[in-house]
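Reader: I have this chain open on my screen and would like to talk it through with you. Could you bring it up on your side as well, so that we can start from a single residue and work outwards?

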Amino acid sequence: MKGSKSIESKRLTKREVRGIRRNLLVFAFFLFISFIFWYLNSLGKNLEAEIRYPVRYISIPKGMVLSEELPEKLNLNLLGPGYSIFKLKYSGNRTPAIIDISKVGYKRVKGSARSSYFLVTSGLVKNLSAQLKTECKILSIKPDTLFFSFEKAGVTNK
């Protein structure tokens, strides 16, 4: 009989199981709260992050069209307060940044048979910074060069 008594003493009662579950729930709750406070504290510091930001291209020369698609989003490497980066990254109403083709200073690719051009995106930093209206500084833009070509409107190259 002494053996059966020791086995019973090792089993947990329903009351003890409820107590352990309650303690785990309280621990998980306070762990979650501490994570939130840590995250809010880190948003106040300067962070470096990369975001994909939508862009739109305007002012293509008259009578011309782009023969291939330019990227709809550019990767911006930003440095600034965490809350500003968070706002830019997760805001649902990001209006695209406007890239005015006539004002950006694209150059012709030398030795190309077609009218191929390129644009170095580091020249867009000042313009994009003004459009973002944020405290963040743009460190770099990827891709670093955009290649494109024009065709006369109505002509398709297949």
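Reader: Let's start with Tyr90: buried or exposed?

Author: Please keep in mind that this is a predicted model. In it, Tyr90 counts as exposed, because its relative accessibility is 55% and the cut-off for exposed is over 50%.

Reader: And which element is Tyr90 found in?

Author: Tyr90 is found in helix 3, on the face turned away from the buried side of that helix, where Lys87 is exposed as well.

Reader: Which residues of helix 3 are buried, then?

Author: The buried ones in helix 3 are Gly82, Ser84, Ile85 and Leu88. They are on the same side of helix 3, because the arc they cover around the axis is only 160 degrees.

Reader: Back to Tyr90, please. Which residue does Tyr90 form an aromatic pair with, and how are the two rings set?

Author: Let me come to that by way of another pair, since the structure holds 10 aromatic pairs. One of them is formed by Phe35 and Trp38, and this pair is tilted, with 5.8 Å centre to centre and 35 degrees between the planes. Both of these residues lie in helix 2, three residues apart, which is about one turn of the helix. Phe35 is partly exposed at a relative accessible area of 45%, whereas Trp38, at 53%, is exposed. As for Tyr90, its ring forms a tilted pair with that of Phe86, with 5.1 Å centre to centre and 50 degrees between the planes.

Reader: How many residues apart are Phe86 and Tyr90 in helix 3?

Author: They are four residues apart, so about one helical turn separates Phe86 from Tyr90 in helix 3. In general, an α-helix has 3.6 residues a turn, so residues three or four places apart point the same way. Phe86 is partly exposed, because its relative accessible area is 36%, which lies between the limits of 20% for buried and 50% for exposed.

Reader: Which residues form one aromatic cluster?

Author: Phe35, Trp38, Tyr39, Phe86 and Tyr90 form one aromatic cluster.

Reader: I would also like to know about the surface here. Which residues make the nonpolar patch?

Author: The patch has an area of about 990 Å² and is made by Phe32, Phe35, Ile36, Phe37, Trp38, Tyr39, Leu40, Phe86 and Tyr90. Helix 2 (14-43) and helix 3 (82-90) are the elements that give two or more residues to it, and helix 2 gives the most, with seven residues.

Reader: Changing topic to the strands: in what order do they stand in the open sheet?

Author: Four strands form that sheet in the order 2-8-6-5, and their pairing is antiparallel. Strand 2 (64-66) and strand 5 are at the edges, and each has a single partner strand, so one side of each is left without a neighbour in the sheet.

Reader: How many bridges join the pairs of strands, if we go across from strand 2 to strand 8 to begin with?

Author: Strand 2 and strand 8 run antiparallel and are joined by three bridges, and Met64 stands opposite Lys152 of strand 8. Next, strand 6 pairs with strand 8 (residues 145-152) in the antiparallel sense over five bridges, with Val120 opposite Thr145 of strand 8. Finally, strand 5 (residues 107-108) and strand 6 (residues 116-120) pair over two bridges, also in the antiparallel sense, and Arg108 has Tyr117 of strand 6 as its bridge partner.

Reader: Staying with strand 8, where Phe150 is found, is Phe150 buried or exposed?

Author: Phe150 counts as buried, because its relative accessibility is 6%, and the limit for buried is under 20%. Its C-alpha atom is separated by 8.4 Å from that of Glu68, although the two residues are 82 residues apart along the chain.

Reader: One last residue: where is Ala130 found, and is Ala130 buried or exposed?

Author: Ala130 is found in helix 4 (residues 125-132), and with a relative accessible area of 54% it is exposed. Between Ala130 and Ala97 there are 9.6 Å in space, C-alpha to C-alpha, and the two are 33 residues apart in sequence.

Notes:
Residues are numbered from 1 along each chain as its sequence is written. This is a predicted model: local features need pLDDT of at least 70, side-chain atom pairs count only at pLDDT 80 or more; totals for chains, interfaces and linings use all residues. Side-chain values use heavy atoms; hydrogens and water are left out. Patches are made of residues with over 30% relative accessible area and no salt bridge: like charges are joined within 9 Å, nonpolar side chains (Val, Leu, Ile, Met, Phe, Trp, Tyr) within 5 Å. Accessible areas come from the Shrake-Rupley method with a 1.4 Å probe; for residues, only the protein chains shown count as cover. A salt bridge is a side-chain nitrogen of Lys or Arg within 4 Å of a carboxyl oxygen of Asp or Glu. Rings of Phe, Tyr and Trp (its six-membered ring) pair if their centres lie within 6.5 Å; planes under 30 degrees apart count as stacked, over 60 as edge-to-face and the rest as tilted. Buried means under 20% relative accessible area, exposed over 50%, partly exposed in between (1.4 Å probe, protein chains only). Two strands pair if DSSP finds at least two bridges between them. The arc is that of the directions from the helix axis to the C-beta atoms.
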